[in-house]
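This report goes through selected salt bridges, strands and surface features of one model. The sequence and structure come first.

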Amino acid sequence: MAAGPREGLLADITHVRQARTGRVSSWDQTGRNRDNWIVMPGEERVLADLQGPGCITHIWMTQSCRRQPGPGQIAPEVVGVPMLEIHNALGVSWEVHDPDYYRKIVLRMYWDDATTPSVIAPLGDFFGLLNSLSGSYESLPLSVSAKEPEEYSFGGSAAFNSWFQMPFGSRARITVENQNDVPYLQYFYIDYELYAESLAEDIAYFHAHYRQQRPCHGWGPDLQTNSAEVATVPHLSAEGNYVALETEGAGHYVGCTLAVRHFQDTWWGEGDDMIFIDDDTWPPSLHGTGMEDYLGHAWGMQRNGYLMNGTIVHEADAPGFQHSYRFHLVDPVRFSRRIAVTFEHGHANHLADDWSSVAYWYQDTIAPGLTIPPVEDRLPLRPHPTQVHASLPELTEEQQRARDAAAERMRTYEAERDRVWAARAPEIDAAERGNTEHAAELRRRWLEGR
């Protein structure tokens with residue numbers, strides 16, 4: 001018998017495979033350096049449209065969405081990059097992050113001939129930037145690298161990576177939809193492999209689904225966590241639990257990212273994880289002892305993050321927010337007919353916090369009917385500082401002229417900016433078609449050359 005590595009996370013790279021690697025990206029197909037796509041309000045762009053069989057092996061993305069309270073001093077048509085990154089205090093430009101935009105962009109992925117997505121989530125949440133609140137972490141399948149001065153800010157700049165393997169038989173389509181009222185800018189790589197032969201029968205489809213409950217229905221949100229009154233209440237069912245995943249088919253659950261917006265200023269994670277498989281009634285196949293335990297921590301959540309579990313944003317750094325992850329890549333939760341992944345929100349579901357999550361799993365069929373709430377219901381519950389607004393005093397002639405001049409300069413600036421955006425649309429249309437055509441040509445040349 002031939003010898004050599006057979007199984008394991010790194011064993012596969014010791015084998016030569018009959019496959020071809022390719023990439024679609026936002027590179028400037030005119031040969032210039034505008035390596036980004038502007039996605040206009042209400043617009044959906046196709047990032048990848050690939051012919052199979054194949055497998056998406058890596059996705060990298062970074063993006064930006066800026067609002068402009070006032071005009072810049074530099075004409076938009078001569079700006080080499082879409083964000084000037086010049087401090088607003090210098091008076092050269094005035095740009096601010098849209099704090100909620102990571103929740104306003106919807107990422108969808110479709111496999112084979114499916115007309116409904118197998119992946120649907122706000123862009124930030126899919127990668128682990130939850131509640132549009134920037135924070136860095138590194139896990140085995142996902143990472144976020146936040147720009148350090150903007151860490152723990154809403155809408156802060158960050159880079160995303162996914163190494164989830166996403167096989168497809170005949171076709172893969174990945175789209176982004178801008179559900180905002182202003183444009184945003186998208187950079188991306190999507191790396192994939194092509195195969196000459198059909199996928200094996202036991203290959204499963206990758207899925208990811210965003211869910212939220214705002215608020216969870218708690219029977220005692222005014223009662224202190226771990227108090228004697230709450231701790232003695234029995235809860236011997238899944239009734240009222242937060243549901244992170246519910247699907248039918250055969251496959252395996254491989255984890256979730258989880259955001260909790262806690263309102264009580266005590267401890268949000270006293271509830272247990274309960275995972276029901278196939279014909280489970282009570283008790284479930286997997287019953288845990290507390291959310292920090294499910295997430296691989298203890299005595300609350302620490303700032304630590306590891307390959308399979310940990311913290312993305314800690315509540316000590318962003319009071320009221322705890323963002324966490326747990327991946328089951330070496331301990332997948334397998335099911336044959338159905339699965340329900342549920343969590344108590346506080347012991348016996350007494351708390352009424354805001355929960356949201358993205359669950360990741362593989363199954364043998366395309367899960368039907370995955371949807372997410374409308375954009376107005378998804379917006380994060382951000383802390384709002386108190387502001388004092390005073391009416392303008394009686395203006396001098398010079399003051400009035402200054403205000404009028406600023407308003408006119410803003411009108412001129414916006415008209416020029418809108419013209420530049422519109423001029424780029426045909427270029428991005430061509431790039432979208434070009435990615436699809438280049439991918440098809442790559443596959444044709446590879447198959448002919450084998």
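Which side chains meet in a salt bridge at 3.8 Å, N to O? They are those of Arg 445 and Glu 441. A salt bridge here is a side-chain nitrogen of Lys or Arg within 4 Å of a carboxyl oxygen of Asp or Glu. Both residues belong to helix H6 (residues 397–449), where they are 4 residues apart, about one turn of the helix. Helices (H or I, at least four residues) and strands (E, at least two) are DSSP runs, numbered from the N terminus.

The model is predicted: local features need pLDDT of at least 70, side-chain atom pairs count only at pLDDT 80 or more, and totals for chains, interfaces and linings use all residues. Residues are numbered from 1 along each chain as its sequence is written, and side-chain values use heavy atoms, with hydrogens and water left out.

**Salt bridges**

Side chains of opposite charge can pair when their charged atoms come close. The whole structure holds 29 salt bridges, including the pairs in the table.

| Pair | Closest N to O distance |
|---|---|
| Asp 12 and Arg 17 | 2.5 Å |
| Lys 147 and Glu 150 | 3.7 Å |
| Arg 445 and Glu 441 | 3.8 Å |

Burial is given by relative accessible area: buried is under 20%, exposed is over 50%, and partly exposed is in between (1.4 Å probe, protein chains only). Asp 12 is partly exposed at 40%, as is Arg 17 at 49%. Lys 147 is partly exposed at 33%, whereas Glu 150 is buried at 14%. In H6, Arg 445 has 44% and Glu 441 has 31%, so both count as partly exposed. Salt bridges also link Arg 32, Arg 34, Arg 424 and Glu 427 in a network.

**Strand E11**

All 5 of the 5 residues of strand E11 (residues 158–162) are buried. In a regular strand the side chains alternate between the two faces of the sheet. In E11, Ala 158, Phe 160 and Ser 162 point one way, and Ala 159 and Asn 161 point the other way.

Two strands pair if DSSP finds at least two bridges between them. E11 pairs in the antiparallel sense with strand E4 (residues 54–64) over 4 bridges, and Thr 62 has Ala 159 as its bridge partner. Strand E10 (residues 142–146) is also antiparallel to E11, with 5 bridges; here Ser 143 stands opposite Asn 161.

**An open sheet and Ser 357**

An open sheet of 4 strands follows the order E16-E23-E18-E19, with antiparallel pairing. Its edge strands, E16 (242–248) and E19 (286–287), each pair on one side only. E16 is joined to strand E23 (residues 338–343) by 6 bridges, and Leu 245 has Val 341 as its bridge partner.

Ser 357, in strand E24 (residues 354–363), is buried at 1% relative accessibility. Its side chain makes a polar contact of 2.7 Å with the side chain of Tyr 242. Such a contact is a pair of N or O atoms within 3.5 Å; within protein, one must be able to donate a hydrogen and the other to accept it, and residues adjacent in sequence count only if both atoms are side-chain atoms. With contact meaning heavy atoms within 4.5 Å, and not counting residues up to four places away in sequence, Ser 357 touches several residues, among them His 209, Arg 211, Ala 244 and Leu 258.
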